[in-house]
Amino acid sequence: MTKRYCDLETSICYSGWTGTNGITFGVALPQSKAAPFDTVLQIVSPIKNGWVGFSWGGTMPYVPLTVGWMNSASNTSIYSSRMAFGLSLPQPYAEAEYSYIKGTGYNATHWTLTVRCRGCSQWHDVDGNLVSIDANASAQKLAYGLSSRPPAEPANNRSTFNVHNSFGNYRIDLTQGQNADFDELVAANLIDGTPPASSSTPVPSSAISTISTTMSMSTVTSGLPQPTQTGIPVSCPDVAELAFPANTAKGWRATKVAGGLTQPRGLIFDNSGNLLIVQNGMGITAHKVAPNGCLTSTKTVIAQRNLNHGIVLSHDGKTLFASSATSVFSWSYDATTMSVSENATTVLTGMDSRGHVTRTLAIPPKYPNLLLVSHGSNDNFDYGSADIATGRSCIKVFDTTAIPADGYDYATSGYQMGYGLRNEVGLAFDADGMLWGVENSSDELHRTIDGISVDIHTDNPADEINYLGDPSKENTDWYGYPTCYTVFNPNSIADKSFTIGDQFVLEPNATFTDDTCKTRSLPPRLALPAHSAPLDASFNKNFTSMYITLHGSWNRNPSIGYKIIEVPFTTGANGFGPKASVNSTQAWADIFWNPDVETCSTTQCFRPVSIAQDGYGKMYVTSDSGAEGEMIIIGRE
Ligand code: HEM
């Protein structure tokens, strides 16, 4: 419920909303003005909250976020201007300008942040469209996020901070926050320059720590990237140690090749052996690779902040595809100059901007004209996606030789390559060109029997390795989400005896039981630990192993994942697949891991994302940890 309240000290009146967590958000604005207009935000938070975030657009990604916290070193509270480019640490956002207003500080029970914002009433969405707040909206959708943990460096408003303990939406009546003499009131109460907004510590930068050289590269015209040496360097010149120590399995070595990257996600080689990285919120960079595996130069190929994960090159290396949450674009690409054509072609549009926003792209080895685009769910439980026609929680295939003038529409064009896949982020092709995927399954699962609900979320459901099949043939199989989930830990589901890999429903009823899953849903070929979050899959050269990056959990206690595993594959009675049976607990080996995984979080530890293999099987792996965007090279010594 919104309530108008007026601040006695400043006479500014706000439209206020107080949630069950005891935080009050107040929004003040001028009377009936069209955007852009200045706004004033007041956050009054119980002292126990480490940070509190306010979303001007009612969601997390691609909207201005005002985050506040206490800075006890300077006896005050500070703002931090952010924008998120996915469901990951929001980055500093320069397009909103803030000034402090009287009433910022803290007492024994609460901290208060009062700021004027220029640039919070209007912004560009994921597609670059201008979005404006309507000053007369009677039910404006807003959102909050909050955490009990303070940021890593409370004096620095560009500090990293960890994911929220809770988040939510509410609606407020903006007319109640209108002030007739807004500009005068604000001017009378602005604080000049203080409280301090320090930026004394290094900030994430797009420049990576590599030396620039004029070294010439061996140029190849086609085929796999050409490495020049099989070994893994012990270190790379001018590249610091990994931000967090990591272990590698016996016989393996991992070395950091780049740091200071901006949320590095998708990663590929071009046909001349250069690495192309999607840096989320920034664009695509290209990096020359020295014979020893270290990087020797860096160059921005495309500056486009909505490119967030997906990247693939056509077989001839001349067309580069990359994805935003909603669209896929292509450019002609020249590997010798590591540059693209000026204008992008829109390959497809119409994907959802809510929820899971990475759109992994792949081109099958046998079908150079086919582009596979993976689209996750728009929420933890996306019930709408159970209908194949929605085009979510699925993989679809598009012919790149027949792209319509304004691009394909994702939901209504192309053909299916499996649905009921909550978020199939990692895709890989086996020796026969058949498609495999790794799936991130749901959070917060409860099993309800006879009206009694039991929390089973810590070790269930399993994340999954799925077999998706021949990419040239439509696959309308349903893989279970959001109804049939896979058991990882049978012991925590006490009402029935399950084994690992079985599928179950959250609340069996007369028409749909656990057994219904057996007839309707395709179970995984291997169950992976719940919340381990597999983000990429890559077969070794002779297809005896699949390497998988486990990005790691963000809301499991203790944390899990944060490693790279090797899953042996073989051809057995059921054809090619994981060597271990689906109910095995010994189906993989760790090859790279963080030693104290229980301390890992979104800002702590290496968070492996994507893998690019060179011709010798050396893997480059990105990490988008909130602490530092990094890339390693890993392989056998
Ligand atoms: C370290 C920083 C952050 C991380 C890693 C993070 C991560 C996430 C993740 C993983 C989800 C998905 C939850 C699910 O699927 O169940 C989410 C949702 C959400 N987050 Fe954050 N978040 C961060 C900061 C913030 C901040 C500062 C706000 C400010 C308001 C915020 C607001 C939201 C909201 C409103 C949602 C619901 C989904 C939506 O409407 O977009 N988050 N976040």
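This section describes the overall fold, the core, one helix, the ligand shell and several backbone features of a predicted model.

The secondary structure of the chain comprises two helices and 49 strands. Along the principal axes, the C-alpha atoms occupy a box of roughly 75 × 70 × 50 Å. The radius of gyration is 25 Å. A compact globule of 637 residues would have a value near 26 Å, so the chain agrees with that expectation. Of the 637 residues, 52% count as buried. Contacts between residues 24 or more positions apart make up 62% of those with a separation of 6 or more.

The largest nonpolar core contains 167 residues. Those with the most contacts inside this core are V115, V257, I284, L361 and L372. The surroundings of L361 were examined further. Leaving aside residues up to four places away in sequence, L361 touches G310, I311, V312, F321, S323 and V328. L361 also touches L371, L372 and V373. One of these partners, L372, is itself among the core residues with the most contacts.

Helix α1 spans residues 182-189 and has a buried side. F182, L185, V186 and N189 are the buried residues named in this helix. These residues lie on the same side of α1, because they cover an arc of only 95° around the axis. The face turned away from the buried side carries D183, E184 and A187, which are exposed. Strands contribute to the cover over the buried residues of α1. Among them are β3 (24-30) and β4 (39-46). The cover also includes β11 (110-118) and β16 (178-179). V115, one of the core residues with the most contacts, falls within the residue range of β11.

The ligand is surrounded by 25 residues. Of these, G53, T59, M60, A143 and G145 come nearest. Three elements give two or more residues to the shell: β5 (51-55), β6 (64-71) and β14 (140-147). By residue class, the shell divides into 14 nonpolar, 10 polar and one charged.

Two cis peptide bonds were identified, each preceding a proline. The bond from N460 to P461 is cis, with omega near -5°. P461 sits in the loop between β36 (452-455) and β37 (463-469). The bond from Y481 to P482 is also cis, with omega near 5°. P482 belongs to the loop that links β38 (475-478) and β39 (485-486).

Positive phi values also occur in residues other than glycine. For E444, phi is near 60°. This residue is placed in the loop between β34 (435-439) and β35 (446-449). E444 counts as exposed, because it has 10 C-beta neighbours inside 10 Å. For F543, phi is likewise near 60°. F543 lies in the loop between β42 (534-539) and β43 (545-550). With 16 other C-beta atoms within 10 Å, F543 is partly exposed.

Definitions and conventions
Residues are numbered from 1 along each chain as its sequence is written. This is a predicted model: local features need pLDDT of at least 70, side-chain atom pairs count only at pLDDT 80 or more; totals for chains, interfaces and linings use all residues. A nonpolar core is a set of buried Ala, Val, Leu, Ile, Met, Phe, Trp, Tyr and Cys residues joined through C-beta atoms within 7 Å. A residue is buried if 20 or more other C-beta atoms lie within 10 Å of its own, exposed if 12 or fewer, and partly exposed in between; C-beta atoms are placed from the backbone. Two residues are in contact if their C-beta atoms, placed from the backbone, lie within 7 Å. Helices (H or I, at least four residues) and strands (E, at least two) are DSSP runs, numbered from the N terminus. The arc is that of the directions from the helix axis to the C-beta atoms. A residue is near a molecule or strand if its C-beta atom, placed from the backbone, lies within 6 Å of it. Ala, Val, Leu, Ile, Met, Phe, Trp, Tyr, Cys and Pro count as nonpolar, Asp, Glu, Lys and Arg as charged, and the others, Gly among them, as polar. The radius of gyration is taken over C-alpha atoms; the globule rule is 2.2 Å times the number of residues to the power 0.38.
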